[in-house]
Amino acid sequence: VEVLRRQQVEQTAEREAAGTNWHDTDLVFPTRVGTPMDKDNARRAFRGALGQVDGINPQEWTPRELRHSFVSLLSDSGVPIEEISRLVGHSGTSVTEL
């Protein structure tokens with residue numbers, strides 16, 4: 001709940017800063033002017049967050065590494081491959097098993 005409130009406060013500030021350039025799309029994580037994020041926006045935001053972590057070079061990471069880590073952690077925890085495949089949106093288990 002605290003994270004959501006913080007996001008709402010940040011988005012209100014971004015909306016005010018954008019002024020008439022703001023596009024109200026009701027997205028939780030829009031660009032700084034309210035439009036949908038594309039892969040480049042998401043990568044920049046991800047690397048910006050990583051830049052606040054000591055010992056991590058943000059240029060070495062992409063959001064895809066999170067996806068791979070998620071799958072590995074689930075697998076190491078004994079979650080069935082069928083469930084992991086469903087959670088990551090694969091149509092079958094063959095891609096997940098790679």
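Exposed means over 50% relative accessible area, buried means under 20%, and partly exposed lies in between. Keep those cut-offs handy for the exercises below, and remember that this is a predicted model.

**Exercise 1. Sort the members of a salt-bridge network.**
Work out which residues join Lys39 in one network, and say whether Lys39 is buried or exposed.

*Solution.*
- Start with Lys39. Its relative accessibility is 59%, so Lys39 counts as exposed.
- Look for its partner. Lys39 makes a salt bridge with Asp40, and the closest N and O atoms are 3.5 Å apart.
- Classify Asp40. With 32% relative accessibility, Asp40 is partly exposed.
- Follow Asp40 onward. Asp40 also forms a salt bridge with Arg43, where the closest N and O atoms sit 3.3 Å apart.
- Place that pair. Asp40 and Arg43 are three residues apart in helix H2 (residues 39-50), so about one helical turn separates them.
- Classify Arg43. At 27% relative accessibility, Arg43 is partly exposed.

**Exercise 2. Do the same for a pair in H4.**
Find out how far apart the side chains of Arg86 and Glu83 are, N to O, and where the two residues lie.

*Solution.*
- Take the distance. The salt bridge between Arg86 and Glu83 has an N to O distance of 2.7 Å.
- Take the location. Both Arg86 and Glu83 belong to helix H4 (residues 81-87), three residues apart, or about one turn of the helix.
- Recall the helix rule. An α-helix has 3.6 residues a turn, so residues three or four places apart point the same way.
- Check the exposure. Arg86, at 53% relative accessibility, is exposed, while Glu83, at 31%, is partly exposed.
- Now wrap up the network from Exercise 1. Salt bridges with shared partners link Lys39, Asp40 and Arg43 into one network. In total, the structure holds four salt bridges.

**Exercise 3. Find the buried face of H1.**
Decide which residues of H1 are buried, and which are exposed on the other side.

*Solution.*
- Check the helix length. H1 has 17 residues and reaches 24 Å from its first C-alpha to its last, close to the 24 Å expected at 1.5 Å a residue.
- List the buried residues. In H1 these are Gln7, Gln11 and Ala18.
- Look down the axis. The buried residues of H1 fall within an arc of 35°, so they line one face of the helix.
- Turn to the other side. There, Glu2, Val9, Glu16 and Ala17 are exposed.
- Place Leu4. Leu4 lies in helix H1 (residues 2-18), and at 47% relative accessibility it counts as partly exposed.
- See what Leu4 contributes to. Together with Val28, Phe29 and Met37, Leu4 makes a nonpolar surface patch of about 390 Å².

**Exercise 4. Check backbone angles.**
Say what is unusual about the phi of Asp26, and which residue with a positive phi follows H1.

*Solution.*
- Start from the general pattern. Most residues other than glycine have a negative phi.
- Compare Asp26. Its phi is positive, about 60°, although Asp26 is not a glycine.
- Locate Asp26. The residue lies in the loop between H1 and H2, and at 70% relative accessibility Asp26 counts as exposed.
- Now the glycines. H1 is followed by Gly19, whose phi is positive, near 60°. After H3 comes Gly78, also with a positive phi, near 85°.

**Exercise 5. Test the length of H3 and look into H4.**
Work out what span the 14 residues of H3 should have, and say whether Ile84 is buried or exposed.

*Solution.*
- Apply the rise. At 1.5 Å a residue, helix H3 (residues 63-76) should span 20 Å, and its end C-alpha atoms are 20 Å apart, which agrees.
- Move to H4. Ile84 is found in this helix, and its relative accessible area is 1%, so Ile84 is buried.
- Pick a distant partner in sequence. Ile84 and Val71 are 13 residues apart in sequence, yet 6.6 Å apart in space, C-alpha to C-alpha.

**Exercise 6. Judge the overall shape.**
Decide how the radius of gyration of the protein compares with the globule rule for 98 residues.

*Solution.*
- Count the elements. The protein has five helices and zero strands, in the order α-α-α-α-α along the sequence.
- Compare the two values. The radius of gyration is 17 Å, well over the 13 Å from the globule rule, so the protein is more spread out than a compact globule.
- Add the dimensions. The C-alpha trace spans about 50 × 35 × 25 Å along its principal axes.
- Finish with burial. Buried residues make up 18% of the 98 residues.

Key: Residues are numbered from 1 along each chain as its sequence is written. This is a predicted model: local features need pLDDT of at least 70, side-chain atom pairs count only at pLDDT 80 or more; totals for chains, interfaces and linings use all residues. Side-chain values use heavy atoms; hydrogens and water are left out. Patches are made of residues with over 30% relative accessible area and no salt bridge: like charges are joined within 9 Å, nonpolar side chains (Val, Leu, Ile, Met, Phe, Trp, Tyr) within 5 Å. Accessible areas come from the Shrake-Rupley method with a 1.4 Å probe; for residues, only the protein chains shown count as cover. Helices (H or I, at least four residues) and strands (E, at least two) are DSSP runs, numbered from the N terminus. Buried means under 20% relative accessible area, exposed over 50%, partly exposed in between (1.4 Å probe, protein chains only). The expected span of a helix is 1.5 Å times one less than its number of residues. The arc is that of the directions from the helix axis to the C-beta atoms. The radius of gyration is taken over C-alpha atoms; the globule rule is 2.2 Å times the number of residues to the power 0.38.
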